[in-house]
Amino acid sequence: MATVELRFSALPEHVRTARLVAAAVARRAGVDEAVLDEVRLAVGEACTRAVGLHQHVGITAPVTVSLIEEEKQFSIEVGDEAPHTAPGTKPPGAADELEAEEDEMGLAVISGLVDDVEVRAGEDGGLIRMTWPTAPAVLPPL
């Protein structure tokens, strides 16, 4: 199992770099070329979400992206360190409701792009794991 880890400051300008790295590693791992745009978009959405959560809460810790190549699949994990609370535990405010709607929209976009998505969230942060199948490497004839 090969893993590439990327950590970047929670700044929007670094999301593009994460997208490019994810697409390059996905291509090398054997993800179908037709799916690479979806990989880019999903990673961009997940990283943008993590950056927004960090900036909203004032966290200076980096956003983490793990690119994991396994035998028949390729996974990307985007992690944040923003505390996630259960819905309804804070008094609702217009800004909080708007941010919650944007967060849900981002997760809906990711779910529409990726068939296999897992979202975990807790007081210590959150993680989005996205998985794509890979094709076996085809070696050129001798």
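Me: Let's start with helix packing. What covers the buried residues of α1?

Reply: To read packing, find the residues with little accessible area, then see what touches them. Bear in mind that this is a predicted model. For α1, the cover includes β1, α2, β2 and β3.

Me: And which residues of α1 are buried?

Reply: Buried here means under 20% relative accessible area. On α1, the list is Val15, Ala18, Ala22, Ala23, Val25, Ala26 and Ala29. The helix itself covers residues 15–29. Right behind it sits Gly30, with a positive phi near 105 degrees.

Me: How do I check a helix's length against what's expected for α2?

Reply: Take 1.5 Å for each residue, with one residue fewer than the helix holds, and compare that with the end-to-end C-alpha distance. Helix α2 (residues 36–57) has 22 residues, so it should span 32 Å, and its end C-alpha atoms are indeed 32 Å apart. Helix α1 passes too: its 15 residues reach 21 Å from the first C-alpha to the last, close to the 21 Å expected.

Me: What comes just after α2?

Reply: Another glycine with positive phi: Gly58, at about 85 degrees.

Me: Let's zoom out. In what order do the elements run from the N terminus on?

Reply: Read the chain as a string of elements before you look at the fold. Here it goes β-α-α-β-β-α-β-β, which makes three helices and five strands.

Me: And how are the strands ordered in the sheet?

Reply: Order in a sheet comes from pairing, and strands pair through backbone hydrogen bonds, either parallel or antiparallel. This sheet is open, has five strands in the order β1-β2-β3-β5-β4, and pairs them antiparallel. β1 and β4 stand at the edges with a single partner each, so one side of each has no neighbour in the sheet. On average, neighbouring strands are turned by 10 degrees against each other, ignoring direction.

Me: Can you walk me through the pairs, strand by strand?

Reply: Sure; count bridges, then pick out partners. β1 (residues 2–8) and β2 are joined by seven antiparallel bridges, and Glu5 has Ser66 as its bridge partner in β2. Going on from β2, six antiparallel bridges lead to β3, where Ser66 is partnered by Glu77. That puts Ser66 in a bridge with Glu5 and in one with Glu77. At the other end of the sheet order, β4 (residues 116–122) and β5 (residues 125–133) run antiparallel, with seven bridges between them. There, Asp116 partners Thr131, and Glu118 stands opposite Arg129.

Me: How many residues lie between the strands of each hairpin?

Reply: For a hairpin, look at the link between two paired strands. β2 and β3 have three residues between them, while β4 and β5 have two.

Me: Which strands does α2 lie across?

Reply: Fit an axis to each element and look at the angle as well as the contacts. α2 lies across β1, β2, β3 and β5, and runs at about 15 degrees to β3. As for cover in the sheet, β2 (residues 63–69) has five of its seven residues buried.

Me: Is Arg129 buried or exposed?

Reply: Compare its relative accessibility with the 20% cut-off for buried. Arg129 comes in at 17%, so it counts as buried. Its place is in β5, and its side chain makes a polar contact with the side chain of Ser75 at 3.1 Å. Its contacts beyond four places in sequence also include Ile68, Glu70, Asp116 and Glu118.

Me: Where does Pro83 lie?

Reply: In a loop, so reading its contacts is handy for placing it. That loop runs between β3 (73–80) and α3 (94–113). Pro83 is partly exposed, with a relative accessible area of 44%. Beyond four places in sequence, its contacts are Val57, Ile59, Gly122 and Glu123. The C-alpha atoms of Pro83 and Gly122 are 6.2 Å apart, although 39 residues separate them along the chain.

Me: And what do the whole-chain totals say?

Reply: Totals put the local details in context. Of 142 residues, 37% count as buried. The chain exposes about 8600 Å², 55% of it supplied by carbon and sulfur atoms. Among contacts between residues at least 6 apart in sequence, 69% join residues at least 24 apart.

Note on methods:
Residues are numbered from 1 along each chain as its sequence is written. This is a predicted model: local features need pLDDT of at least 70, side-chain atom pairs count only at pLDDT 80 or more; totals for chains, interfaces and linings use all residues. Side-chain values use heavy atoms; hydrogens and water are left out. Two strands pair if DSSP finds at least two bridges between them. Helices (H or I, at least four residues) and strands (E, at least two) are DSSP runs, numbered from the N terminus. Buried means under 20% relative accessible area, exposed over 50%, partly exposed in between (1.4 Å probe, protein chains only). Contact means heavy atoms within 4.5 Å. A polar contact is a pair of N or O atoms within 3.5 Å; within protein, one must be able to donate a hydrogen and the other to accept it, and residues adjacent in sequence count only if both atoms are side-chain atoms. Accessible areas come from the Shrake-Rupley method with a 1.4 Å probe; for residues, only the protein chains shown count as cover. Axes are lines fitted to C-alpha atoms, for helices over the stretch in contact, and angles run from 0 to 180 degrees between N-to-C directions.
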